[in-house]
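Here is a short, friendly tour of charged side chains and of one pocket. Have the structure open as you read.

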Amino acid sequence: QVQLVESGGGLVQAGGSLRLSCADSGRTFSRRHMGWFRQAPGKERAFVAAITWSSGSTYYADSVKGRFTISRDNAKNMVYLQMNRLKYEDTAVYYCAAGAATTRVADYAYWGQGTQVTVSS
């Protein structure tokens with residue numbers, strides 16, 4: 001059983017930064033690809049970033065490329081999303097997901113409860 005718990009969300013002004021964290025309770029975290037998604041009000045859940053189990057490859061949505069960085073610490077069972085130069089349109093609930101390194105929601109087997117990120121303009 002894998003449980004994912006996100007933290008680090010909050011209210012930030014446009015241009016600011018936030019760092020999201022996701023704690024994975026599973027025993028095989030170091031062999032698990034991980035991803036971040038987000039869902040804005042009235043919109044579908046959308047891919048943000050993904051990282052392979054070895055951190056050998058990372059993937060980003062075009063809308064966040066160059067501003068967001070995904071990373072992981074396999075010794076701590078943690079995955080992070082550093083978000084810089086935040087924009088109003090980054091406002092959403094951010095979800096940590098486990099089990100794939102793709103852009104498709106259906107490919108991920110486990111999900112966290114989400115953390116709210118609000119960017120004020």
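A residue is called buried when its relative accessible area is under 20%, exposed when it is over 50%, and partly exposed in between. Keep in mind that what you see is a predicted model.

**An acid without a partner**

Let us begin with Glu6, which sits in strand S1 (residues 4-7). Which side chain of opposite charge is nearest to Glu6? That is Arg45, 7.4 Å away, and Glu6 is buried yet has no salt bridge. The side chain of Glu6 does have polar company from the backbone. One of its polar atoms lies 3.1 Å from the backbone nitrogen of Gln113, and the side chain of Glu6 also reaches the backbone nitrogen of Gly114 at 2.9 Å. Leaving aside residues up to four places away in sequence, Glu6 touches several others, among them Ser21, Cys22, Trp36, Tyr94 and Cys96.

**Pairs of opposite charge**

Side chains of opposite charge can pair when their charged atoms come close. How many salt bridges does the model hold? The count comes to five, and the table includes some of them.

| Salt bridge | Closest N to O distance |
|---|---|
| Arg32 and Asp24 | 2.9 Å |
| Asp90 and Arg67 | 2.7 Å |
| Asp107 and Arg104 | 2.8 Å |

The surroundings of these pairs are worth a look. Arg32 and Asp24 are both buried. Asp90 is buried too, and so is Arg67. In the salt bridge between Asp90 and Arg67, distant parts of the chain are linked: Asp90 belongs to the loop between strand S8 (78-83) and strand S9 (92-98), while Arg67 belongs to the loop between strand S6 (58-60) and strand S7 (68-73), 23 residues apart.

For the salt bridge of Asp107 with Arg104, is each partner buried, partly exposed or exposed? Asp107 has 28% relative accessibility, so it counts as partly exposed. Arg104 is exposed because its relative accessible area is 51%. Elsewhere, salt bridges that share partners join Arg38, Arg67 and Asp90 into one network.

**The largest pocket**

Arg38 turns up again at the largest pocket, where Arg38, Ala40, Lys43, Glu89 and Thr91 lie nearest the centre among the 14 lining residues. Strand S4 (34-39) and strand S5 (46-51) are the elements that give two or more residues to this lining. The space in the largest pocket is about 210 Å³.

Definitions and conventions. Residues are numbered from 1 along each chain as its sequence is written. This is a predicted model: local features need pLDDT of at least 70, side-chain atom pairs count only at pLDDT 80 or more; totals for chains, interfaces and linings use all residues. Side-chain values use heavy atoms; hydrogens and water are left out. Helices (H or I, at least four residues) and strands (E, at least two) are DSSP runs, numbered from the N terminus. Buried means under 20% relative accessible area, exposed over 50%, partly exposed in between (1.4 Å probe, protein chains only). Lys and Arg count as positive and Asp and Glu as negative; His and the chain ends are not counted. A salt bridge is a side-chain nitrogen of Lys or Arg within 4 Å of a carboxyl oxygen of Asp or Glu. A polar contact is a pair of N or O atoms within 3.5 Å; within protein, one must be able to donate a hydrogen and the other to accept it, and residues adjacent in sequence count only if both atoms are side-chain atoms. Contact means heavy atoms within 4.5 Å. On a 1 Å grid over the protein atoms alone, a cavity is a set of points where a 1.4 Å probe fits but cannot get out, and a pocket is an open set with protein on both sides within 12 Å along at least five of seven lines; lining residues have an atom within 4 Å of a point. Grid points are joined across faces, edges and corners, and a volume is the space filled by probe spheres set on the points.
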